[in-house]
Amino acid sequence: MLEKEISSIRRECAAAISEAANSQKLGEAKVRFLGKSGALTLLLRELKNVPPAEKPAAGKLLNDIRAELEAAFAMAEENLAKKERELRIAKETLDVTLSKPYTEYGALHPLSVVKNDIINIFTGMGFEIKDGPEIDYEYYNFTALNIPADHPSRDSADTFYINDKILLRTQTSAVQVHVMETQKPPIRIICPGKVYRPDDDATHSPMFQQVEGLVIDEHVTLSDLTGILLEFAKKFFSQETKIRLRPSFFPFTEPSVEVDLSCAMCGGKGCRLCKGTGWIELLGAGVVNPAVLECSGIDSKKYSGFAFGMGVERATMIRYGIPDMRLLFDNDIRILRQFR
Ligand code: PHE
């Protein structure tokens, strides 16, 4: 009678263990058999009703089956826990081959790209980079550059004044004066930086960037300038680029030239970009006026030099064929994306 009940509990228990799909179900099954009112516990309680002669045998049977069930549950618990742990680890695994959600990458603004390119080309030719104040004395921006007191560029219509003597620099040539005052030749520098003029249209902005260059040494001539600028044009635009010098006037250089590039779009035949001329104006330059050297304490009998100045925005517009400078300042992401 007892044996029958035990073997049916053993069968039911084995079935319950194999059916338990997870630790929680297994725990419930354990309570059903071994809990306070579990099937086996109830059977154990019946032991007191067993006649004394049969008690030892019945007690042994019951203790054995209890040990057997406890061991079976312990083993099943361990198996399930292991399986569940493996499942969790498998789920947590990072699949590095999975493609991630699309991310937008930023990029340098075309003006920064162009400025860096210009700087890299000149530093590659041995030029040093020099910085100077954006707010400066009119002395550095005008007077020391041989710009006469009545020159139209000094007018408040062409220059932002802070007061009578202090202004927002209109050209980074002002930095050259600071350098000439403090450094002895040989000088071979470029001055990249922001400059300010009260102009605002498709090809002018009240703030724009220049890179000006200055070389002062013994026997520096216009041919050195031509050679350096041709080298620059080939590196910045393309190997096929030619340059042309046209006579011009700047108070701080004598002779002064305007430097044109052969039009990259038509190769010099004449097109819309170069307005049919085959040439595009790039920058102003010239041989440093001896008066400028003397003003900063450099002996103009011993030393000579050349200077040039170009607009970063203008160079960017030429390189990429951008018709309106304002596109470079609007920061319209649809425009900027094209330069990535
Ligand atoms: N500073 C002049 C400008 O801003 C450019 C220039 C620089 C011309 C050096 C000649 C020599 O227009």
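**Exercise 1. Find the strand that holds P255, and describe the peptide bond that joins this residue to E254.**

Solution. In this predicted model, P255 lies in strand β7, which covers residues 253-262. Turning next to the bond between E254 and P255, we find that it is a cis peptide bond, with an omega of about 0 degrees. As a reminder for the next step, most peptide bonds are trans. A cis bond also joins P185 and P186, where omega is about 5 degrees, and P186 lies in the loop between α7 (173-182) and β4 (187-196).

**Exercise 2. Determine the sign of phi at N146 and locate this residue in the chain.**

Solution. Begin with the angle: phi of N146 is near 65 degrees, which is a positive value in a residue other than glycine. It helps to recall that most residues other than glycine have a negative phi. For the location, follow the chain to the loop between α6 (138-141) and β3 (166-168), where N146 lies.

**Exercise 3. Describe the aromatic pair formed by F127 and F308, and state which parts of the chain it links.**

Solution. The structure holds 10 aromatic pairs, and one of them is formed by F127 and F308, whose rings are 6.4 Å apart from centre to centre. The angle between their planes is 70 degrees, and since planes over 60 degrees apart count as edge-to-face, the pair of F127 and F308 is edge-to-face. Now place both residues: F127 belongs to the loop between α5 (110-124) and β1 (128-129), while F308 belongs to strand β9, so that the pair links distant parts of the chain, 181 residues apart.

**Exercise 4. Describe the surroundings of the ligand, from its pocket to its contacts with side chains.**

Solution. Start with the site, which is the largest pocket. There, 13 residues surround the ligand, and the closest are Q171, S173, R197, Q210 and E212. Sorting the shell by residue type gives 5 nonpolar, 6 polar and 2 charged residues. Sorting by strand shows that β5 (207-217), β8 (279-288) and β9 (304-311) each supply at least two residues, with β9 giving the most, namely 3.

Finally, look at individual atoms. A nitrogen atom of the ligand is 2.8 Å from an N or O atom in the side chain of Q171, and a ligand nitrogen is 3.1 Å from an N or O atom in the side chain of S173. For R197, an N or O atom of the side chain is 2.8 Å from an oxygen atom of the ligand. Taken alone, the ligand exposes 320 Å², of which the protein buries 89%.

Technical notes: Residues are numbered from 1 along each chain as its sequence is written. This is a predicted model: local features need pLDDT of at least 70, side-chain atom pairs count only at pLDDT 80 or more; totals for chains, interfaces and linings use all residues. Side-chain values use heavy atoms; hydrogens and water are left out. A residue is near a molecule or strand if one of its heavy atoms lies within 4 Å of it. A polar contact is a pair of N or O atoms within 3.5 Å; within protein, one must be able to donate a hydrogen and the other to accept it, and residues adjacent in sequence count only if both atoms are side-chain atoms. Accessible areas come from the Shrake-Rupley method with a 1.4 Å probe; for residues, only the protein chains shown count as cover. On a 1 Å grid over the protein atoms alone, a cavity is a set of points where a 1.4 Å probe fits but cannot get out, and a pocket is an open set with protein on both sides within 12 Å along at least five of seven lines; lining residues have an atom within 4 Å of a point. A molecule sits in a cavity or pocket if more than half of its atoms lie within 2 Å of its grid points. Helices (H or I, at least four residues) and strands (E, at least two) are DSSP runs, numbered from the N terminus. Ala, Val, Leu, Ile, Met, Phe, Trp, Tyr, Cys and Pro count as nonpolar, Asp, Glu, Lys and Arg as charged, and the others, Gly among them, as polar. Rings of Phe, Tyr and Trp (its six-membered ring) pair if their centres lie within 6.5 Å; planes under 30 degrees apart count as stacked, over 60 as edge-to-face and the rest as tilted.
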